[in-house]
Amino acid sequence: MLNFLRDNSRILSKLLFYQFGAAFFSGMMILAVPDNSTTLGLVIGIFCAFFLVFLNHIVLWEEGATCRLRADAGRAAYNPLKGLYLMLAVNIPNYFLTVLYILGSKSGPFAWDSVILKIATAIMMFWEAMYVRVVQAIGENPFLWLLAPVPAILLGFISYWLGLANCRAAGVLSGPKVEK
């Protein structure tokens, strides 16, 4: 595990930086929408979540294409699950903060009696700002926060796999190439 984190520290730091940027962008977008506007808040939340997925897609597709070249040249082993492992590693802070939030929620065992849990909740609401409006629209169950990063994890895995297969989304949308 530590070797994986060390060997992929460049890509993981880039993904964490994009997570921070998307969280900051999402926080600004959420502050611009009134709390009583659930439909607009949900649309903004979905847009912010897809913004993070798009940033992850760019990085992981490029990493998948690079790993394919390394595997074809015999310099590295072919690992189609590396994208899933990368996304799970990037989401370790999300799940750590979510567990602290669940422990401190009304249905948790500690029920907001700790300052540390309140600070962890504030950090979680910032770090996972792109999911706030979506989770609020679905319901107030704190366990929904465990499911919030799952689409980003799955789409990150698919992006890496598409990079391994050298399949571009723009190529699918543009149609067949016509020779002149």
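In the predicted model, the largest nonpolar core, a set of buried Ala, Val, Leu, Ile, Met, Phe, Trp, Tyr and Cys residues joined through side-chain atoms within 4.5 Å, comprises 39 residues, of which Leu 15, Met 130, Tyr 131 and Trp 145 touch the most other members. Two or more residues are given to this core by each of α2, α3, α4 (82-90), α5 (92-104), α6, α7 and α8, and the most is given by α3, with 9 residues; helices here are DSSP runs of H or I with at least four residues, numbered from the N terminus. Features of local kind are reported at pLDDT of at least 70 and side-chain atom pairs at pLDDT 80 or more, whereas totals for chains, interfaces and linings use all residues. Residues are numbered from 1 along each chain as its sequence is written, and side-chain values use heavy atoms, with hydrogens and water left out.

Within helix α7 (residues 129-138), the buried residues are Ala 129, Met 130, Tyr 131, Val 132, Arg 133 and Val 135, where buried denotes under 20% relative accessible area with a 1.4 Å probe, protein chains only. The cover over these buried residues includes α2 (9-31), α3 (38-73), α6 (115-127) and α8 (150-164). Beyond neighbours within four places in sequence, Met 130 is in contact (heavy atoms within 4.5 Å) with Gln 19, Ala 22, Ala 23, Ser 26, Gly 45, Cys 48, Ala 49 and Leu 52.

Val 59 is located in helix α3 and counts as buried because its relative accessibility is 4%. When residues up to four places away in sequence are not counted, Val 59 touches Ile 11, Lys 14, Leu 15 and Tyr 18; the C-alpha atoms of Val 59 and Tyr 18 are separated by 9.5 Å, although the two residues are 41 residues apart along the chain.

How values were computed
Buried means under 20% relative accessible area, exposed over 50%, partly exposed in between (1.4 Å probe, protein chains only).
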